[in-house]
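Please look through the sequence and the model below before reading on. The paragraphs that follow are meant to be read with the structure open beside them.

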Amino acid sequence: MTPKKTAPPAALRIEYLPLDELSRWPGNPKAHADDAIAASISRFGFRDPLAIDETSGRLIAGHGRLTALERAHAAGSPAPQFVQVRDDGMWLIPVTRGGSFADEAEASAYLVAHNRTSELGGWDEGLLAEFLKPLDEEL
């Protein structure tokens, strides 16, 4: 008997999409520290791409970062590092593409898990204190 061939897993890729064409997941329950996110992007660049569910075309990770980018663009701020600028001035945002979910319930579950797993991890307070000593208070 010949083994059954399976399709290769979907490959994730990063594409640059126009800021004004990105669509949020409806009813995202996550609150965001907007000022802290904006300050981080301003200081370190946009190093964490947004993620889109390929089936729906909507955002499943990065709602707070999207808000920070929208506000900065509307305010006329320069594009952060790793954000490209189109000839007409529209920002092009790095977005992870290629992943999809079986249904909207599974995509919603990922949206919550993506945020919640980081919260559950906590910090090693002793290591964190040592790590922060040489850093400035802005963090």
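What follows goes from the nonpolar interior to one helix, then to the charged side chains, and ends with a single tyrosine.

The model shown here is predicted, and every value below was computed from it. A useful place to begin is the interior, since in soluble globular proteins nonpolar side chains tend to be buried together. The largest nonpolar core holds 17 residues, and among these Leu-19, Leu-22, Phe-46, Leu-50, Leu-69, Ile-93 and Val-95 touch the most other members. Two or more residues of this core come from each of the helices α1 (34–44) and α2 (63–74), and likewise from each of the strands β2 (50–52) and β5 (91–97). A second core, separate from this one, consists of six residues, including Trp-25, Ala-51, Ile-60 and Ala-61.

Leu-69 offers a way to look at the packing from a single position. When its neighbours within four places in sequence are left aside, Leu-69 is in contact with Leu-19, Ile-41, Phe-46, Pro-80, Val-83, Trp-91 and Ile-93. Leu-69 is also one of the buried residues of α2, together with His-63, Gly-64, Arg-65, Leu-66, Thr-67 and Ala-68. The cover over the buried residues of α2 includes α1, β2, β3 (59–61), β5 and α3 (104–121). As for its length, α2 has twelve residues and spans 16 Å from its first C-alpha to its last, which is close to the 16 Å expected at 1.5 Å a residue. After α2 comes Gly-76, which has a positive phi, near 80 degrees.

The charged side chains come next, and here the general point is that side chains of opposite charge can pair when their charged atoms come close. The model contains ten salt bridges by the rule applied. What does the salt bridge between Asp-34 and Arg-71 tie together? The side chains of Asp-34 and Arg-71 meet at 3.2 Å, N to O, and because Asp-34 lies in helix α1 while Arg-71 lies in helix α2, the pair ties together parts that are 37 residues apart in sequence. Asp-34 counts as partly exposed at 25% relative accessibility, and Arg-71 is likewise partly exposed, at 49%.

Within α3, Glu-119 forms a salt bridge with Arg-116, in which the closest N and O atoms are 2.8 Å apart. These two residues are three apart in helix α3, so they are separated by about one helical turn. Glu-119 is partly exposed, with a relative accessible area of 44%, and Arg-116 is partly exposed at 41%. Elsewhere, salt bridges with shared partners join Arg-13, Glu-15, Glu-54 and Arg-97 into one network. In the bridge between Glu-15 and Arg-13, the closest N and O atoms are 2.6 Å apart; Glu-15 is partly exposed at 26% relative accessibility, and Arg-13 is partly exposed at 37%. Another charged side chain, that of Arg-58, lies over the face of Trp-25, at 4.2 Å from the ring centre.

The last stop is Tyr-16, which lies in strand β1 (residues 13–18) and is partly exposed, with a relative accessible area of 33%. Not counting residues up to four places away in sequence, Tyr-16 touches Phe-82, Gln-84, Leu-92, Ile-93 and Pro-94. Although Tyr-16 and Trp-91 are 75 residues apart along the chain, their C-alpha atoms are separated by 9.0 Å. Ile-93, touched by Tyr-16, is also in contact with Leu-69, which leads back to the core where this description began.

Definitions and conventions. Residues are numbered from 1 along each chain as its sequence is written. This is a predicted model: local features need pLDDT of at least 70, side-chain atom pairs count only at pLDDT 80 or more; totals for chains, interfaces and linings use all residues. Side-chain values use heavy atoms; hydrogens and water are left out. A nonpolar core is a set of buried Ala, Val, Leu, Ile, Met, Phe, Trp, Tyr and Cys residues joined through side-chain atoms within 4.5 Å. Buried means under 20% relative accessible area, exposed over 50%, partly exposed in between (1.4 Å probe, protein chains only). Helices (H or I, at least four residues) and strands (E, at least two) are DSSP runs, numbered from the N terminus. Contact means heavy atoms within 4.5 Å. The expected span of a helix is 1.5 Å times one less than its number of residues. A charge sits over a ring if NZ of Lys or CZ of Arg is within 6 Å of the ring centre and within 35 degrees of the ring normal. A salt bridge is a side-chain nitrogen of Lys or Arg within 4 Å of a carboxyl oxygen of Asp or Glu.
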